[in-house]
Amino acid sequence: MILTFYAGCAGKPPPAPVPQSVPAKHAKPAVPKRTEPPPTDRRESFPLPGVPLWRWESWEQYGKTHLVSKPEKYTLQLLANGWLKFSAECLKGEGIYETHGDRIVIAVTRADAGRCQPGPTAEHFIQSLEAASHYHQTAGRLFLDLGRNDGGLSFSRSPD
């Protein structure tokens, strides 16, 4: 009986390998999980001294440029350790970012509004940060491109 079983299996080809998922050519790299920043980072004030503070001046959408009415209320700081801090109206928050060449991936990890209700512009700001796919700096300006012709965000460097 054992011989019959082995004889029946001898002629079968080995099972085909299971296909592996291949990432798309232009897929955004995943933001790696990071541990919480050291407690000293969370206690520091915003904006952090010595780190460039970027004010959101305008955004481009559907071929039109829209100016931000109060740029000082929408700020961004990209820390050297891969963490970021931002403000959007009454929101204060932080997140993580990673760059590869001119590509950028941003994930907001915390946004605290306190007792206020942020408006639609603050929501647009945060959603656009997370949608950014490329960035570049030139002449004291930071540009975050949203990809797929969705426009981008333009920041000016705040005076130190």
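Start with the whole chain coloured by secondary structure: the protein has three helices and nine strands (DSSP runs numbered from the N terminus, H or I of at least four residues for helices, E of at least two for strands). Read from the N terminus, the order is α-α-β-β-β-β-β-β-α-β-β-β. This is a predicted model, in which local features need pLDDT of at least 70 and side-chain atom pairs pLDDT 80 or more, while totals for chains, interfaces and linings use all residues. Residues are numbered from 1 along each chain, and side-chain values use heavy atoms, without hydrogens and water.

Next, select residues 54–61 and 64–67. These are strands β1 and β2; they run antiparallel, joined by four bridges (strands pair if DSSP finds at least two bridges between them). Glu-60 has Thr-65 in β2 as its bridge partner. Two residues lie between the strands of this hairpin, where Tyr-62 takes a positive phi near 55 degrees.

Now show Trp-56 and Phe-125 as sticks. Their ring centres are 5.0 Å apart and the planes stand at 40 degrees, so the pair is tilted (centres of Phe, Tyr or six-membered Trp rings within 6.5 Å; planes under 30 degrees apart are stacked, over 60 edge-to-face, the rest tilted). Trp-56 belongs to β1 and Phe-125 to helix α3 (residues 120–131), 69 residues apart. Are these two buried or exposed? Trp-56 is buried at 0% relative accessible area, and Phe-125 is buried at 0% too (buried is under 20%, exposed over 50%, partly exposed in between, with a 1.4 Å probe and protein chains only).

Finally, add Trp-59, Tyr-74, Phe-86 and Phe-155: with Trp-56 and Phe-125, they form one aromatic cluster.
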